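The exercises below are meant to be worked through with the sequence and the three-dimensional view side by side. Try each task before reading the solution beneath it.

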Amino acid sequence: MVETTSNFVNCISLGWFYATASSMSASGLRSFSSPFDWCFSDFPSVLKTIDTSFSDFMKKENLIPHDDNNPLHFADKKYGFVFLHELKDGDCLENKYEHIRDDYERKSDRFMNAIKEPTLFIRLVRNRKEIAYINSNKQYIDSVIKKGNCKNEILFIVKDGLEKPEWGTSFTISKEQFDVDNLKWNGDQYLLFYKNLELNNFINQLLPKSAMNENFKFFRQKQPSAILSLVNYRPSIKLSLTTFFKGKDWYIWGAGVYGKSVLGFLCTIEVRVQGVIDNSPEKQGAYLGSSRITSWEEASGNVRNLFIAIKDKKAVAQIKGLVRSSFPAVSVYGFDDLDIPLS
């Protein structure tokens, strides 16, 4: 059983899909990218890969197309891993292979070094077949998990409707949180642990608070806009954001999903939004909630406080430069300016 006394140095995802790593990041548990963060994986293959110290992981001869309708998706035919996030539009595996291989070699080396210190592995259990495998292979699983350090442990997260493994520490979360096809990229992927109070309390004790805050800072740097997904689950985050926004009237730049999220939050804390700015002529003149969408040229003379609700850091920097050069008295912020601790 896992002891929750902050005795671990690392927490590392073992899959089975990306929401494990995403939720660990949002909970202050993840400090670096590891090999199983962004692929779909079967648990026996994950264990075999660790057991062999990644000796033939990501070998070119093992990589094959996964989806005939999407050339950006590929799989490892030896282990059954499926990779959906490594190739971007315009890429092909042949041209990008060396870059991907080198990246995963770095991740694998970091992984094997990290597990020499006390580590908690976290695995979302995929299905009943995997439960049966866990129940029948305790000795082997334990030997692999403790390969680097005898104090290493594993935590199983199981969807409602499946029986928990017969050994080890496990928690149950709702079936909806396992619905990969319908999991929305508006924050759902960060909330696996937050929606189970018992699990949330448990993970808050796994690492020292200082380490969790550092890990959360790493998360905010990578996904600055994701902070808004957590306001209903972390009172300290809601308080920090409320303190930041309260007492001022705001314009929001960006009428997309992030602008909508910021607007919704400001409405809940009763902060006045004067309007929304967007460069798209198609959006100008329409409304986001009760706030009219307008151009910067039209709104600029009335803006005193501006929050840029855009994820693209290059675009944010350009907007800040534009505003500060023409209206230096305007206070302008983006997600990167929200220095919000986890606790």
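Helices here are DSSP runs of H or I with at least four residues, and strands are runs of E with at least two, both numbered from the N terminus. The model is a predicted one.

**Exercise 1. Describe the overall build of the protein chain, and explain why its radius of gyration agrees with that of a compact globule.**

Step one is to take stock of the secondary structure, which in the protein chain comes to eleven helices and 14 strands. Step two is to look at the extent of the C-alpha trace, which spans about 70 × 45 × 35 Å along its principal axes. Step three compares the chain with a rule: a compact globule of 343 residues would have a radius of gyration near 20 Å, and because the protein chain has 22 Å, the two agree. Step four turns to the interior, where buried residues make up 51% of the 343 residues. Finally, among the contacts with a separation of 6 or more, 65% are between residues 24 or more positions apart.

**Exercise 2. Place M112 in its helix, and decide whether M112 is buried or exposed.**

The residue belongs to helix α3, which covers residues 93-114. Its relative accessibility is 18%, and because buried means under 20%, M112 counts as buried. The next step is to list its neighbours: leaving aside residues up to four places away in sequence, M112 touches I50, S53, F54 and K147. As a check on distance, consider L124, which is twelve residues from M112 along the chain; the C-alpha atoms of the two are separated by 21 Å.

**Exercise 3. Find the buried residues of helix α2, and say which elements they pack against.**

Helix α2 runs over residues 43-51, and its buried residues are F43, S45, V46, L47, T49 and I50. One of these, I50, has already appeared as a contact of M112. Taken together, the buried residues of α2 pack against helix α3, strand β6 (119-124), helices α4 (128-136) and α5 (138-145), and strand β7 (153-159). Just after α2 comes S53, which takes a positive phi of about 55°, and S53 is also among the residues that M112 touches.

**Exercise 4. Work out the strand order of the open sheet that contains β4, and follow A75 to its partners.**

Begin with the sheet as a whole: it is open, has four strands in the order β2-β5-β4-β3, and its pairing is antiparallel. The edge strands are β2 (39-40) and β3 (63-67), each of which pairs on one side only. Next, take the pairs that involve β4. Strands β3 and β4 run antiparallel and are joined by four bridges, and they form a hairpin with two residues between them. Strand β4 (residues 70-76) also pairs with β5 (residues 82-83), again in the antiparallel sense, over two bridges. A75 can now be placed in this arrangement, since I64 stands opposite A75 in β4, while A75 in turn stands opposite V82 in β5.

**Exercise 5. Determine how β13 pairs with β9 and β14, and which way its side chains point.**

In a regular strand the side chains alternate between the two faces of the sheet. Strand β13 (residues 305-308) has N305 and F307 pointing one way and L306 and I308 the other way, and all are buried. For the pairing, β9 (residues 250-253) and β13 are parallel over three bridges, and β13 and β14 (residues 331-334) are parallel over four bridges. F307 gives a useful landmark on this path: F307 is the bridge partner of I252, and F307 also stands opposite Y333 in β14.

**Exercise 6. Characterise the largest cavity and the second largest pocket.**

Rolling a probe the size of a water molecule over the atoms shows where empty space is left. A search of the whole structure finds one cavity of 30 Å³ or more, and the largest cavity has a volume of about 30 Å³. Its lining consists of C11, I12, S13, M24, R30, F32, S34 and D37, and the largest share, three residues, comes from strand β1 (residues 10-13). By class, this lining has four nonpolar, two polar and two charged residues.

The second largest pocket holds about 160 Å³ of space. Of the 14 residues that line this pocket, the closest to its centre are F54, S55, F57, E105 and S108. Sorted by class, the pocket lining divides into six nonpolar, three polar and five charged residues.

Note on methods: Residues numbered from 1 in each chain as written. Predicted model: local features only at pLDDT ≥ 70, side-chain atom pairs only at ≥ 80, totals over all residues. Heavy atoms only, no water. Pairing = 2+ DSSP bridges. 1 Å grid on protein atoms, 1.4 Å probe; cavity = no way out; pocket = protein on both sides within 12 Å on 5 of 7 lines; lining within 4 Å. Points joined across faces, edges and corners; volume = space filled by probe spheres on them. Nonpolar A, V, L, I, M, F, W, Y, C, P; charged D, E, K, R; others polar. Buried < 20%, exposed > 50% of the residue type's maximum accessible area, 1.4 Å probe, protein only. Contact = heavy atoms within 4.5 Å. Rg over C-alpha atoms; globule rule 2.2 N^0.38 Å.
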